[in-house]
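Work through these exercises with the structure open beside you. Try each task before you read its solution.

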Amino acid sequence: MSVLVATDLDRTMIYSQPAMGEAQFAALDTVCVEIYRDAPLSYMTTTAVQLLAHLADEVPVIPTTTRTPDQYERIALPGGPFRYAVASNGGRILVDGADDPAWRHQIERVVSASGAGLDEVLTELRTRIDDSWVKSLRIADDLFCYLVVEPAAQPHEFLPAWQDWCAAHGWTASQQGRKIYATPRSVTKSAAIAEVRRRLVDDGTIGTDAQLYAAGDGWLDADLLEIADHAIRPRHGELELLGWTTPGLTVTAETGALAGVEILEWLHARCSVRPASDPAHPSARAVGTS
């Protein structure tokens, strides 16, 4: 079966200790997959590591993230190196780890024609925030911005009002835990994945009838889940809080890092991935010829 898998990373495939929860982190056998400022930051369970590596060995897997390329490169993601990855929420397509300038130029043209510029957004945003609840305002890839906040101190009226302003100016605002993103509406994971899919069809890697399987937990994943032939989200995160659904969507029974395992098991089953013990699997053949 010809398939393509696109998956979000943070809180879908990889998890910080707070995202797992103390009890789950203590109970699970985990592997650190990201170091930041000389400290471990993101983890996967050992089962998830094996499942993702095996899945990537069998079918094209496209890591699809809101992280910038530099942030993405911090992750030692099982199954790599990946031929394609989508970063900056669709603002970048990475080919064998290198930025595709043609795609970036196309994105910049579309953004400039579709709404407010980043400088205008930043100017407006700064009038709405203060340091009593905002820890930092960050610019990502000269394309979008996000706040790091203290949710308990965040004014209840901020997000709805900010979402209204963004919607009127061609942008989208969404909150994922301690981060509040403002992104151009024209920059989406779904558009970047459609471009990657086109390239994989053109070079014969997948057939024209290849089905897209997608996974994600946040509002910035919603457009990707909507265009997928088959989609799954965890029972946690922004989409769970919103009660978001789309026809045919699967929602995990588990939460936290166990949801990541469940998502990978679901992908294995739906994509008809052979078990590693199957004699036809490359790893089994390698053992047999050693």
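The expected span of a helix is 1.5 Å times one less than its number of residues. Keep this rule for the first exercise. The model here is a predicted one.

**Exercise 1. Check the span of helix 11 (residues 257-270) against the rule.**

Step 1. Helix 11 has 14 residues, so at 1.5 Å a residue it should span 20 Å.
Step 2. Its end C-alpha atoms lie 20 Å apart, which agrees.
Step 3. Now look at burial. Buried means under 20% relative accessible area. In helix 11, the buried residues are Ala257, Ala259, Gly260, Val261, Ile263, Leu264, Trp266, Leu267 and His268.
Step 4. Go past the end of the helix. Ser272 follows helix 11 and has a positive phi, near 55 degrees.

**Exercise 2. Find how far the model can be trusted, using its pLDDT.**

Step 1. The average pLDDT of the chain is 94. A score of at least 70 is reached by 94% of the residues.
Step 2. Then turn to residues 279-290, where the pLDDT is below 50. Beyond near neighbours in sequence, this stretch has 17 contacts in the model.

**Exercise 3. Work out which strands stand at the edges of the open sheet 8-9-11-10, and why one side of each has no neighbour.**

Step 1. The sheet has four strands in the order 8-9-11-10, with antiparallel pairing.
Step 2. Strand 8 (134-140) and strand 10 (171-176) are at the edges. Each has a single partner strand, so one side of each is left without a neighbour in the sheet.
Step 3. From one strand to the next, the twist averages 15 degrees.
Step 4. Take one pair. Strand 10 and strand 11 (residues 179-184) are joined in the antiparallel sense by six bridges. Trp171 has Pro184 in strand 11 as its bridge partner.
Step 5. Add the helices. Helix 6 (residues 118-126) packs on the sheet and touches strand 8, strand 9 (144-149), strand 10 and strand 11. Its direction makes about 25 degrees with that of strand 9.
Step 6. Helix 7 (residues 158-168) also packs on the sheet, touching strand 9, strand 10 and strand 11. The direction of helix 7 makes about 155 degrees with that of strand 10.

**Exercise 4. Which residues touch the most other members of the largest nonpolar core?**

Step 1. This core has 53 residues, and Leu147, Phe158 and Trp162 touch the most other members.
Step 2. Strand 9 gives the largest share of the core, six residues.
Step 3. Trace Trp162. Leaving aside neighbours within four places in sequence, Trp162 is in contact with Val121, Glu124, Leu125, Arg128, Ala173, Ile180 and Ala182.
Step 4. A second, separate core has 30 residues, including Val5, Ala48, Leu267 and Val273.

**Exercise 5. Describe the pairing in the open sheet of five strands.**

Step 1. The order is 4-1-12-13-14, and the pairing is parallel.
Step 2. Strand 4 (61-63) and strand 14 (250-251) stand at the edges. Each has a single partner strand, so one side of each lacks a neighbour in the sheet.
Step 3. Strand 1 (residues 3-7) pairs with strand 12 (residues 211-215) in the parallel sense over five bridges. Thr7 stands opposite Ala215 in strand 12.

**Exercise 6. Is Ser16 buried or partly exposed?**

Step 1. Ser16 sits in the loop between strand 1 and helix 1 (17-20).
Step 2. Its relative accessible area is 24%, so Ser16 is partly exposed.
Step 3. Not counting residues up to four places away in sequence, Ser16 touches Leu41 and Ser42.

Technical notes
Residues are numbered from 1 along each chain as its sequence is written. This is a predicted model: local features need pLDDT of at least 70, side-chain atom pairs count only at pLDDT 80 or more; totals for chains, interfaces and linings use all residues. Side-chain values use heavy atoms; hydrogens and water are left out. pLDDT is the predictor's confidence in each residue, from 0 to 100. Contact means heavy atoms within 4.5 Å. Two strands pair if DSSP finds at least two bridges between them. Helices (H or I, at least four residues) and strands (E, at least two) are DSSP runs, numbered from the N terminus. Axes are lines fitted to C-alpha atoms, for helices over the stretch in contact, and angles run from 0 to 180 degrees between N-to-C directions. A nonpolar core is a set of buried Ala, Val, Leu, Ile, Met, Phe, Trp, Tyr and Cys residues joined through side-chain atoms within 4.5 Å. Buried means under 20% relative accessible area, exposed over 50%, partly exposed in between (1.4 Å probe, protein chains only).
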